[in-house]
Each structure stands twice: as structure tokens, then as C-alpha cells.
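Let's take a walk through this one from start to finish. Have the sequence and the 3D view side by side, and follow along.

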Amino acid sequence: MKIEFRVITAAVIAAILISPIVVRAGPRSHQLSEDAALDLLDRTLKRDRVYEKRISLDCIAYGTEETTKAYFEFVLREIHNAKCGGDPEISPFIDRYRVYRSSSKIQQWEAAEDKWQPYKAHGN
């Protein structure tokens, strides 16, 4: 009987100690951080070779334009320097993307239509 009591007591104590960890690892643990969202965008653009015929990826800089509870909005800008060429005083934007924290879905800004569209793997 003493052994059963000790086993039950140990199980209860373990459950009490573990329960706060389980609660913290709820739905929010699946949300992307800003770094993870940027990494996902970068990997996706490289995989799909979106800018392959337009500009070297070494000449693109990423910047965060907006952060909300739902998404991160990134802008891609041309790097102008000796290696990439261009006027170093300016860095024109190439594209804008949103990466959603919970779903990991990516949207691309379509300036001609003045709205966000689901990302489609196609070269620019």
C-alpha cells in the first residue's frame, strides 16, 4: 500500500509540474516568429527562383514594414553598391510580401490591382 501511495503521489506531483508547460505550449506555439517568417519567405523565393532572371539574390535586402498579430509584412529592396551597381543613395522596392503567423501562408502585393494576392510560384 505504501508503494502504491508513493507512485500515485509521484504521478500527481509530475502532473502539477508539467501542466504549466503544456498550457504554455498551446496554440501560440505554432505561430511563426519574425525570423521564422522571414526564413520561410526567403526559402520559398529561392526554391521558386522568383528573381532568377531579374536580379541576383545577393543584391536583395529584406526589411520588415509591418508586424501584426496575424502577419509580418516584408519589403524586398534592391541593394545598390559596387557589386550590385546602381546609386547607393537609393534602394527601390522590388516586391512586398505578407507571411501569416498561424498558417504560414504567403501573400504578395499586386500593385497593378492594388491588393494582396495569394503567393503563386512564378518568376517575375
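Going along the sequence, you meet the elements in the order α-α-β-β-β-β-β. That makes two helices and five strands in the protein. Keep in mind that what you're looking at is a predicted model.

Now hop over to strand β3, which covers residues 93–100. Its neighbour β4 takes up residues 106–110, and the two run antiparallel, joined by three bridges. If you'd like a spot to check this by eye, find Arg98: across from it, in β4, sits Gln107. What links the two strands? They form a hairpin, with five residues between them. In that turn, look for Ser104, whose phi is positive at about 65 degrees.

Stay with β4, since there's another partner to meet. Strand β5, residues 115–118, also pairs with β4 through four bridges, and this pair runs antiparallel. Which residue of β5 is the bridge partner of Trp109? It's another tryptophan, Trp116. β4 and β5 make a hairpin too, with four residues between the strands. Here the residue with a positive phi is Asp114, at near 55 degrees.

Time to zoom out to the whole protein. Of its 124 residues, 27% are buried. The accessible surface adds up to about 8900 Å², and carbon and sulfur atoms account for 57% of that. As for how distant parts of the sequence meet, take the contacts between residues at least 6 apart in sequence: 45% of them join residues at least 24 apart.

Terms used
Residues are numbered from 1 along each chain as its sequence is written. This is a predicted model: local features need pLDDT of at least 70, side-chain atom pairs count only at pLDDT 80 or more; totals for chains, interfaces and linings use all residues. Side-chain values use heavy atoms; hydrogens and water are left out. Two strands pair if DSSP finds at least two bridges between them. Buried means under 20% relative accessible area, exposed over 50%, partly exposed in between (1.4 Å probe, protein chains only). Contact means heavy atoms within 4.5 Å. Accessible areas come from the Shrake-Rupley method with a 1.4 Å probe; for residues, only the protein chains shown count as cover.
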